[in-house]
Amino acid sequence: MHPALAIAAKDVRQRLRDRSAIVLGIVAPLVIAALMSLAFRGAETIHLTVGVVNSDHGSAAAGLLSALRSPGLKDLVTVVPEQSEGSASAAVHAGHAGAAIIIPSGFTNSVSRSRPLPLTTLTNVNNTVAAQITSSIAQSFVAQVNADRLSVATASAAGEPTGSAAAALDKAHLSLPIQTVQRAFGAKRLKTISYYGPSMAIFFLLFTISFTARSFFVERDQGNIERMLAAPLRPRSVLFGKVLSAFVFGIVSLSIIAAVTTFAFGADWGNPLAAGLLSLAMVLAVTATTALVIGVAHTQRQAEGISSFAVFGLALLGGNFVFVSVTPPIMQRLALLTPNGWALRGYTDLATTGGGLAIVGLPIAAILIYTLVVATAASVLAPRALTP
Amino acid sequence: MRILAIMSVSIRRVLRDRLSLFFVVILPILVILIVGASVRGFSTFRVGVVGGNLGASDRQLTSMLASTPGIDMRQFATVGDLQSAVRRSSVEAGIVLPKDMDRAIRGHGTVTVGLVAEMSNPSQQAAATAVQSVLARYAGQVQAARFASQQVGVDFGSSMTLAGHLATSVPGVAIVSRQAGSQLATLPEGFSYSAPTMLVLFVFLNSLAGSAVIIANRRLGMYERMLAGPVRSGVVIAGEALSFVAIALAQAGLIIAIGSIAFGVSWGDPIAATVLVGTWALVGAGAGMLAGTLFSTPEQATAVGPAVGIALAMLGGCMWPLSIVGPTMRTVGHFTPQAWAVDAWTRLRYQRGTISSIAPQLLVLGGFAAGLLALATWRLRRRLT
């Protein structure tokens, strides 16, 4: 057996005996990915109950109710009649209803007068999405009424007598001149677990950097490295053996997480070959970073400090901590400076397009460039850490 | 006096370690920055627009979209870019304006705007609803301008400008939004949301990580040596507990100071906030000391501690508001002390709460603190004697 392999095998055995490695590499990412996916399952299926207080009972109120109950909103909104503003307010405050709409008495009649009565939406500070949707629906409903009022006002401001403008409008039966048409967008939707599965796997994979770098310096302080070098071994083999254990551990951890999230939580990692190559590139990047940390640090404490910066810096920038797509565009660009940011983009594209190798070509190339640069720096700096 | 001596030794050991300063000071600030910059996703819809030929009407519509509260508009060069952004959830919905939009708007027919959203996805459906209401508002102005120029014979451009001005002054049917049961209209976004929840997260996380000190003390035989002197085990435990509380208070104070100075975060009623921070420091101290008796190596503390801390923070609503999760997860979340602390901050800051209005939360947190500290004391005392 090659000495590097022997060293790696010994390190892997040692880490498996330490239960914290299993917690960090397998249990923690699975638990946290599952929690995130459970939490956002609610957000993935927005459905809101809107309480409606109808004190008007006229045709305009009926129009609003039928807009709320239209087939297009069937999956989004359930309408529940409320007796009074008080009961509606209590329902919204208690969270039984996401929001409520109050149609005031005399609303239908007021629509044709100079000062129409307003519709009131009751919202809850804790449910801004429901507030936003409810007010959008109400606004779309009143848009035609307001457009007609605006038409008369504009014509009369332009010189037409108000009375004849109103009469002309009555005859014209105008309808809003812009309509939307659904366009196909040819992709699958991104499930939360399909993002957080890979994201958490990578986040905890990054911790391998701290673990391995730390264990290298612990062994050096114990004199193990010196003893290894007394044997007919080249320093590079020793370093290679140490980081090879990080590589093996990373591959095993990613594979287990991919398998469990796919079969237990329904995550979509996409085309297995493409996802496998992407994961391989990512583990290589982590391995190279580990070697660089060993090369830069002088002591165990320094290794811990530098790797903490590396781990949290990469995780924060790359989007392992927050869903990178919801961040401002500048953050999304910064994410593409990190290998994990590219890997996450690759996994997202695999899951949503259903594509294969062609989709991950660019992410893999970017990760390999990072790996190459870091590995070159490490191979220059690291032998220094090995020589006694 | 002996309690203070033991406390100050533990504190000095933490302060000398530059690595722990990274976790106490730098990391929380970085996370507040990043989470603060991205948390607006919870109440704002991100909408993409592919412009037509960038004529007057495109500009009017895009500026209307951009100025609508609750819509964060981003422009894309091609339909392909927009589709990728929707696919990656970078934007929740997008619209594609027709190439000859200007001409179509001036004409007589209906203008068709493409909508890119997957309608089986409720959050995209919700964003689409928001966009459609803006489009309807714009369409109202177009209808008015067309009608006026047809009636009076003025050109479309000037009647469109007229309609735009009148839209703000002609009384239409208004939508008045009112809060059910609290005074503030909207949940603050960005830093203001993330700072208090990150305080809850990091004070707890840091206390758990601090358990490594207790483990190291146990392994070094520090406690045995202390007990060889005229020191009772209760004094040692109290000293350790005080050092946890002091570090937690210092970290919380730092986050509060940076939050208010750098990000303009308001922390609510000062007395209530102080009591809440104090109670939370006790909860953290109890959890950290208990962890110190449960783990056997510092490696376990640094590996398992953060994972447990982050998981509890997620359950308890530190990473996202619990209002966006289902009722089951919300109930499960309230088994963690984090959820009660976040609830208390929410009351304090968004509903102008006082110490009496957060009394229930303080009581529950006090219970957590007492329980954790009692358990930790019992376990530590067993190990000491």
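These are my notebook entries on a predicted model, covering chain A and a sheet shared with chain B.

**Entry: chain A overall.** I began with the secondary structure. Chain A has 15 helices and 5 strands. Next I looked up its radius of gyration, which is 31 Å. The globule rule gives 21 Å for 388 residues, so chain A is more spread out than a compact globule. I then took the spans of the C-alpha trace along the principal axes: about 105 × 45 × 35 Å.

**Entry: burial and contacts.** I checked how much of chain A is buried. The share is 54% of the 388 residues. I also looked at contacts in chain A between residues at least 6 apart in sequence. Of these, 76% join residues at least 24 apart.

**Entry: the sheet.** Which strand order did I find? The open sheet of 5 strands runs E5(A)-E4(B)-E3(B)-E1(B)-E2(B), and its pairing is mixed. Strand E5 (178-182) of chain A is one edge, and strand E2 (71-76) of chain B is the other. Each edge strand pairs on one side only. On average, neighbouring strands are turned by 30° against each other, direction ignored.

**Entry: one pair up close.** I picked E1 (residues 45-50) and E3 (residues 93-96), both of chain B. They pair in the parallel sense over 4 bridges. In this pair I noted Val49(B), which stands opposite Ile95(B) in E3(B).

**Entry: helices on the sheet.** Helix H3 (residues 56-66) of chain B lies across E1 and E2 of chain B. I read its angle to E2(B) as about 140°. Helix H4 (residues 79-87) of chain B packs on the sheet too, touching E1, E2, E3 and strand E4 (111-116) of chain B. The direction of H4 makes about 165° with that of E3(B).

Definitions and conventions
Residues numbered from 1 in each chain as written. Chains lettered and ligands numbered in written order. Predicted model: local features only at pLDDT ≥ 70, side-chain atom pairs only at ≥ 80, totals over all residues. Helix = DSSP H or I, 4+ residues; strand = E, 2+ residues; numbered from the N terminus. Rg over C-alpha atoms; globule rule 2.2 N^0.38 Å. Buried ≥ 20, exposed ≤ 12 C-beta atoms within 10 Å, placed from the backbone. Contact = placed C-beta atoms within 7 Å. Pairing = 2+ DSSP bridges. Axes fitted to C-alpha atoms, helices over the stretch in contact; angles between N-to-C directions.
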